[in-house]
Amino acid sequence: MKGFPAYLCAGLVLVGAVLQPPPTGVRASDKSVDFSGMHWRNIGPAIAGGRVAAVAGTDQNPYLYYVGAAGGGVWRSANGGVTWTDVFGKQPTASIGALAIAPSDQRIVWVGTGESKVRNDTTAGDGVWSSNDGGATWRQAGIDSPSIARILVGRRDPNLVLVGALGDPYRDSGDRGVYRTTDGGKTWRQTLSVGPQTGASDLAWDRQHNRTVFAGMWQLRRVPWGFTSGGAQDGLFRSRDGGATWQRLTGHGLPSGIMGRIGVAVAPSDPKRVYALIQSRQGSLWRSDDGGDTWRLVSKDSYINQRPFYMSRLEVDHKNPDHLFFLSEDLVESRDGGKTIFNNVNAVHQDHHAMWIAADGKRMIEGNDGGAPISLDGGAIWDWRYNVTIAQIYHIGYDMAIPYDVCGGIQDNDSYCGPSNSLNPLGILNHDWVDVGANADGAWSWPDPLDPNLVWNSSVRDLNGQLTIYNRRTRESYDVTPYIHDTNGADLAGVPYRYNWEAPIAFSRAHPGTVYFGGNVVWKTNDRGRHWTKISPDLTLNDPAHQLVAGGPINTDVSGAEFYDTILDIAPSPRDAGVIWVGTDDGLVQVTRDGGAHWSSVAPPAPPFGRIASVEASPYDAGTAFAVVDRHLMGDPSPYLFRTDDFGAHWTAIAGDLPPSETMRVVRQDLRVPSILYAGSDTGVWLSFDGGLGWRRFNNNLPTVSVRDLRIQPRDNDLLIATHGRGFWVMDDLTPVEELARSGGGGRAFFQPRDTYMLFRWWAHEYGSGEGECCAPQDMFVGENPPDGAVLSYYLPARARTSPRIEVRGGDKLVAHVDGSRDAGINRAIWYLADDAPVPWYSARSWNQGPDQGAPAVPGTYQLTLHIDGATYSRVLIVKGDPRAAWTQADYVARRDFLRGLYDWLSRIDVALNNLDTTRVRLSGRIDALRASGAHTPDLDRDDRLLRETQALSAELSSNPRNSEDDLWRPDRLRERLLTLIDAYSALTQGPPLPPHRREAAAVGMQFNAIMARYQRFVSDKM
């Protein structure tokens, strides 16, 4: 396939080469194709936490808390943080800036979307939302602002609400300032507006009466290469009528000139005591003791407000107006009104953003870059259980192990690798994740293709572009950065090599030992970073005006997050080792066709200064590539996706029918069907069957979240995504999507299952809790493993009349049946790689009715037949042994045959017990009826004798334990002896039976034959 016709995209008419239409198949716009049966698995990690921008609690309920993650939505706990429930996952945005619970009614909850800590990785919100039922349902409550800093709800009147809107940091807008409603959000009035670049950074009021209100107004602008924090319109404002009217406070002790970001707090126990944390060159903390009429400078120490644009928040103890908490890089306290300060050394993580304190001054919840810890003793001890997946991941890597691992770099929380399948019956737990980073802000993390124990990491510790290799065997790290130069606090202009916050790593497809690394040039190594070769000139615009320090005009902030004119992505062609594509953060696409000797600038026709967030080198043709241009940092959220088929000489826009404000982050081409594209945006995953003409959402059960990277694991054909707020997710086996694209999706289809491995599972850390040791403790995060068996997928264009059934045959033997859903769309059923379960003993307690599956499958070929409404469809399944094990085919067969014999005995025993149960019930009923009639007849004697024989036979077959430890005082009979052997062997042995197993089986067999012979005589002679 060579491309698609040119058409309109984002207001540009793009003329390219004459391109061929895609092959006929399913159109993405065909909404009758239901993909909801395909399930995303969240695998974590939770151990690293994630940035929390807002928290809320209530004095009405000491166990109720809400957490607003910077990119992970809203979570509620009804049990004091033991467990958390996602209550905002299906709303249009996952970026949270503010939370509030009505003091008079805990069911009323307000959410301000759009994080107000406007660093380089934030995503936009869509105003304010409210719930009247504790987060069960939500309504959009107005205020068209993409960033909300604070919400205040009236103490007695929940319909009185003030909202501090920061606005869009990337462009001028009129939706900034303070909004007020007195009818619960039905109508709003903007009561404070200063200018199109100035929004509300904070609000605080007298909590008792809600009349005196303070607002910090902050002039802010972000551009891709920097930001300014502060301007002539900054200021501290006061209202004496509950936010209806405002006056600017100047002089009287307040700092003069530009103030920057302002945080403000009113002491709940003394509304005359007001604190203002101001980004001023003249100091940090000001205090008023007369309700804001006069002020005095209390502290010049920057420790209480380390990075003002990212911090500038403080809270006051409800009981003590001199007890302050400063949410800075550290959690800083003062007990004398700010005169002296100290670090809360027990605080969890660094970079603190939000806090709620209960009226008792003891109970509190705090939000930081690692999560939302809770304290019950005024901040002395903090508890955060790392049981919520809110990790903000930039990029995803994988290896080819069985099962494979995934790796990624996490904002604020280093880099991790973890399993796609832990092989632990409890799921994927926090311990399954391994920190492989450099104690840094992670970005890229990839296992080495030649040795997956070596993990390449690009991260930011001291400097951008710090490249390390972590050895998972020895737990050692090796810094292999090609160029090291101190960039702290200085301009980049004139520095020969620059690195992005997300400096990219890439591996040659043709030569896996060749690794590329991107700064403003492309570096290449063939010896794992011991030596590097520069294979390109500067591939960026290299504009010195875009290489100045960020921040200002009050103070600079050179973290590296705003470093510009750098490479964002490197994509070596899978088809031609000499072809390498590069995307830059300043809007360029560069390509070499000779391994770096010569480069061509081939940028797609998008407006300037867009981030080339991803370049996808087609797996089908070296001249074909895809590019995503992200211009949201320029105030343009439009989707820009492009394709070239001639090495960038011409580009075609492929944004198709995507929503006009859907900022895109990544695009990938399917590895088996060229016309299929997958894309990640700030709201989830998109799918196109026709190369980008039409797009449809592919979120299914995935919550709304920014998807920053997307890859296809080639062996398992799984779709892997890195979300910036909800961790890693996996969509198992893309075959149904691919087959529908090929077939057109007109009729029923039974899709070819992928090869399935017999992978043994066992506990790795915690032992299971709950009935049957099934589950991890409820306060732990549990990632979802894939099903323990073969995933069998089929498509129904309409609901079937009867439930489909899949027959599984091994050779000429029918070994199993699998029931499936009859719903329209893609359906998935699981064969758990075992024979059908033996006949259960129906009258036994559920725990003792018998195994839920039969003897295990053996490696080999199985025939699958799907039966739907009288029609049949066939496929072949290949089952492979566990690659970690050394068992031979004969070993697998011996184990299966041994267990089949035992399960057969169990089935025959349970058939006999079921028959005896039926006989006993029938005889008991007849005996009771005869005795009720008063007649003593031969029939009564006969039935009474038969009943006793029935009970005696049942007692020989089973001791009939009703509870699991009845065998402590009730000796085992035949069934229990057989079940003990089955469990001891099937659960504890993966190899063939040994002589002790066979000896016990022989003894059980002799007992079985004797008792079953008596049973057969009883049936034939007496029944």
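In this predicted model, the side chain of D670 reaches over to the backbone nitrogen of V673, at a distance of 2.9 Å. That same side chain also makes a polar contact with the side chain of Y678, this time at 2.7 Å. As for its place in the chain, D670 sits in the loop that runs between β52 (664-669) and β53 (677-681). What makes D670 a bit of a puzzle is its charge: the residue is buried yet has no salt bridge. The nearest side chain of opposite charge belongs to R672, and it is 6.1 Å away. Salt bridges are counted here only when the nitrogen and the carboxyl oxygen are within 4 Å, so a gap of 6.1 Å doesn't make the cut. Setting aside neighbours within four places in sequence, D670 is in contact with P619, Y620, I676, Y678, I712, L734 and E738.

One of those contacts, E738, leads on to helix α1. This helix covers residues 735-743, and its buried residues are T735, P736, V737, E738, L740 and A741. What do the buried residues of α1 pack against? The partners turn out to be strands: β53, β54 (684-688), β61 (790-796) and β64 (825-831). Just after α1 comes G744, which takes a positive phi of about 95°.

Back to charges. Side chains of opposite charge can pair when their charged atoms come close. While D670 goes without such a partner, a search of the whole structure turns up 63 salt bridges. Take D630 and R611, whose side chains meet in a salt bridge at 3.9 Å, N to O. D630 lies in strand β49 (residues 625-630) and R611 in strand β48 (residues 611-617), so this pair ties together parts that are 19 residues apart in sequence. Are these two partners buried or exposed? Both D630 and R611 are buried.

Another salt bridge joins the side chains of D289 and R296, with 4.0 Å from N to O. D289 counts as partly exposed because its relative accessibility is 39%, and R296 counts as partly exposed at 39% as well.

A third example stays inside one helix. The side chains of D939 and R942 meet in a salt bridge of 3.7 Å, N to O. Both residues lie in helix α3 (residues 938-957), 3 residues apart, which is about one turn of the helix. An α-helix has 3.6 residues a turn, so residues three or four places apart point the same way. With a relative accessibility of 39%, D939 is classed as partly exposed, and R942 gets that label too, at 34%. Elsewhere, R51, E115, R119, D121 and D412 are joined into one network by salt bridges that share partners.

Now for the empty spaces. The search finds 6 cavities of 30 Å³ or more, and the largest cavity holds about 170 Å³ of space. Its lining is made up of 19 residues, with N120, P224, A561, R611 and L633 lying nearest the centre. R611 is thus a familiar face, as it also forms the salt bridge with D630.

The second largest pocket has a volume of about 900 Å³. It is lined by 42 residues, and those nearest its centre are P103, W205, R207, H318 and W356. Which elements give two or more residues to this lining? They are β4 (52-57), β8 (96-101), β12 (148-153), β16 (198-205), β21 (262-266), β25 (314-316) and β29 (352-357).

Note on methods: Residues numbered from 1 in each chain as written. Predicted model: local features only at pLDDT ≥ 70, side-chain atom pairs only at ≥ 80, totals over all residues. Heavy atoms only, no water. Buried < 20%, exposed > 50% of the residue type's maximum accessible area, 1.4 Å probe, protein only. Helix = DSSP H or I, 4+ residues; strand = E, 2+ residues; numbered from the N terminus. Lys, Arg positive; Asp, Glu negative; His and termini not counted. Polar contact = N/O pair within 3.5 Å; in protein donor to acceptor, adjacent residues only side chain to side chain. Contact = heavy atoms within 4.5 Å. 1 Å grid on protein atoms, 1.4 Å probe; cavity = no way out; pocket = protein on both sides within 12 Å on 5 of 7 lines; lining within 4 Å. Points joined across faces, edges and corners; volume = space filled by probe spheres on them.
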